[in-house]
Amino acid sequence: MFQLLGAASASGYIITALFVLVAIGRLARNVLHKLTARLPKRSALKHYTTAIVSLVFFCLLVVRMCFIATVIIDSAIRGDHVEVSGDPERQF
């Protein structure tokens with residue numbers, strides 16, 4: 001019982017931290033967008049900065065969604081009684 005509560009609490013903290021990281025990433029993206037707006041339109045620095053920030057932000061979103069999906073799948077699997085043994089007839 002306590003392990004289940006601890007796991008739920010830990011996953012909640014991790015999900016909250018991921019949401020905070022995405023919020024910080026959005027803030028950084030907006031700040032960098034405003035800073036690169038002053039650069040010339042065809043500047044390589046502007047192009048690469050925008051590409052890298054977009055890629056990092058996308059990776060943050062993917063990590064957050066993968067973790068949320070993992071928590072949902074893990075909680076669904078824990079709901080069923082799953083037993084793994086050496087006997088093939090008792091596994092299913």
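T36 counts as buried, because its relative accessibility is 6%, under the 20% cut-off for that label. Keep in mind as you look around that this is a predicted model. T36 belongs to helix 1, which covers residues 2-36. What does the side chain of T36 reach at 3.2 Å? Its partner is the backbone oxygen of H33. Apart from residues up to four places away in sequence, T36 touches K46, T49 and T50.

Now take one step back along the chain to L35, which is also placed in helix 1. L35 counts as partly exposed, because its relative accessibility is 44% and that category lies between 20% and 50%. Along the chain, L35 and K46 are 11 residues apart, and their C-alpha atoms are separated by 9.1 Å. You have met K46 already, as one of the residues that T36 touches.

With that corner in view, it helps to look at the whole protein. How many helices and strands does the protein have? There are 2 helices and 0 strands. Helix 2 runs over residues 44-79. UniProt, in an unreviewed entry, places the feature "transmembrane region" at residues 6-28 and 48-73. Over residues 48-73 the model shows 100% helix and 0% strand, with the end C-alpha atoms 37 Å apart.

Next, follow the links between parts of the chain that are far apart in sequence. Among contacts with a separation of 6 or more, 68% are between residues 24 or more positions apart. A good place to see such contacts is R64, which lies in helix 2. Is R64 buried or exposed? R64 is buried, because its relative accessible area is 13%, again under 20%. Leaving aside neighbours within four places in sequence, R64 is in contact with L18, F19 and V22.

Two other arginines are worth a visit. R26 is found in helix 1, and R26 is partly exposed, because its relative accessible area is 42%. Between R26 and V53 there are 9.5 Å in space, C-alpha to C-alpha, and the two are 27 residues apart in sequence. The other arginine is R29, so let your eye move on to its side chain. Over which ring does the charged end of R29 sit? That ring belongs to F57, and the charged end of R29 is 4.4 Å from its centre. As for rings paired with one another, the structure holds 0 aromatic pairs.

Finally, consider the protein from the outside. Of its 92 residues, 13% count as buried, with T36 and R64 both carrying that label. The accessible surface of the protein comes to about 7700 Å². Carbon and sulfur atoms account for 70% of that surface.

To retrace the path, you began at T36 with its contacts to K46, T49 and T50, passed R64 in contact with L18, F19 and V22, and saw R29 sitting over the ring of F57.

Terms used
Residues are numbered from 1 along each chain as its sequence is written. This is a predicted model: local features need pLDDT of at least 70, side-chain atom pairs count only at pLDDT 80 or more; totals for chains, interfaces and linings use all residues. Side-chain values use heavy atoms; hydrogens and water are left out. Rings of Phe, Tyr and Trp (its six-membered ring) pair if their centres lie within 6.5 Å; planes under 30 degrees apart count as stacked, over 60 as edge-to-face and the rest as tilted. A charge sits over a ring if NZ of Lys or CZ of Arg is within 6 Å of the ring centre and within 35 degrees of the ring normal. UniProt positions are given in the numbering used here, feature names are shortened, and annotations may be inferred rather than shown by experiment. Helices (H or I, at least four residues) and strands (E, at least two) are DSSP runs, numbered from the N terminus. Buried means under 20% relative accessible area, exposed over 50%, partly exposed in between (1.4 Å probe, protein chains only). Contact means heavy atoms within 4.5 Å. Accessible areas come from the Shrake-Rupley method with a 1.4 Å probe; for residues, only the protein chains shown count as cover. A polar contact is a pair of N or O atoms within 3.5 Å; within protein, one must be able to donate a hydrogen and the other to accept it, and residues adjacent in sequence count only if both atoms are side-chain atoms.
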